[in-house]
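User: Could you take a close look at the aromatic rings in this model for me? I would like one connected account of how they pair up and what sits over them.

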Amino acid sequence: MSKDANVPLSTETDYGGYLCLEPILGAQKPKSNQHDEMLFIIQHQTSELWMKLVVHELRFALEYVKKDDLEPSFKVLSRVKQIMRMMFEQWAVLETMTPSDYALFRKALGRASGFQSYQYRMIEFLLGNKDVSVMGQLQQRPEIVEILTKDLNSPSLYEEFLRYLDRKGLDVPAECISRDWSQPREESRALVGVFKKIYDNPRLHWSAYEMCEKLIDIDQMFQLWRFRHMQTVERIIGFKQGTGGSPGASYLRERARVHLFPELWSVRTEVEDKEVN
């Protein structure tokens, strides 16, 4: 045992103080006396903590891509994938709550809805899934709207990667490297051709090839997370309207099919088989 293990600590320097456990563990304030409301609150608070880390890591990766230094981003993007995997698995805990359990406290939520999660919107914007209409849900939080507006009007991680490829001499279409960043992207067939060059000769473009695979990892895990969310909602409330007037499972089902980086999926069909040596 360390010699310091028995030294008295102040509440600011002990384990609980360092982690600010008192405010965190005191942040669960059920609106009803129903047992499962505590599960519901902790499930969503935990998700928001994980999303905070995802935003932190994506911003780190974004800055390194801007500097033409992809390698430091590989570790954090691998971490983002694992965070999303944790968030995917976490739905299994909420799935232990039955429709009857949820019905006992659902009205206590009032107009609160997961659609109002601004950190989720930050993740979408940082990954390039832009939708200006969601800003209307957050007008009561001007400081958050300011951050989201900056993300909305800036290149996403994927778009910064495309700009990197252009700087490295790959023939990236002009509309992919300079446009109104606030608008949703449409798949570019010409860009699929750029990625085909990378996948046909990965040794020549190793860093770009590695980045493509890190991005597809995140796209796949993000899609799985959204799909599991949709399934969990269907399991608990079926196709009822969500709280706060949100469309519920029907909207989630539609969003679960969205690819963040469509060209990275399409290029897989284009990669040519090689002769066996």
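User: Which charged end sits over the ring of Phe-88, and how many Å from its centre?

Analyst: Happy to help! In this predicted model, the charged end of Arg-228 sits over the ring of Phe-88, at 4.9 Å from the ring centre. Tyr-64 has a charge over its ring too: the charged end of Lys-67 lies 4.8 Å from the centre of that ring.

Tyr-64 also has an aromatic partner, Phe-60. Their ring centres are 4.8 Å apart and the planes meet at 40 degrees, so this pair is tilted. Both residues belong to helix α3, where four residues, about one turn of the helix, separate them. Phe-60 is partly exposed, because its relative accessible area is 35%, and Tyr-64 is likewise partly exposed, at 23%.

Now to the pairs as a whole: the count comes to 13 aromatic pairs. One of them joins Phe-40 and Tyr-102, which are stacked, with 5.4 Å from centre to centre and 25 degrees between the planes. This pair links distant parts of the chain, since Phe-40 lies in helix α3 (residues 37-66) and Tyr-102 in helix α5 (residues 99-103), 62 residues apart. Phe-40 counts as buried because its relative accessibility is 16%, and Tyr-102 is buried as well, with a relative accessible area of 8%; the cut-off for buried is under 20%.

Finally, some rings group together: Tyr-158, Phe-161, Tyr-164, Phe-195 and Phe-261 form one aromatic cluster.

Definitions and conventions: Residues numbered from 1 in each chain as written. Predicted model: local features only at pLDDT ≥ 70, side-chain atom pairs only at ≥ 80, totals over all residues. Heavy atoms only, no water. Phe/Tyr/Trp six-rings, centres within 6.5 Å; stacked < 30°, edge-to-face > 60°. Helix = DSSP H or I, 4+ residues; strand = E, 2+ residues; numbered from the N terminus. Buried < 20%, exposed > 50% of the residue type's maximum accessible area, 1.4 Å probe, protein only. Lys NZ or Arg CZ within 6 Å of the ring centre and 35° of its normal.
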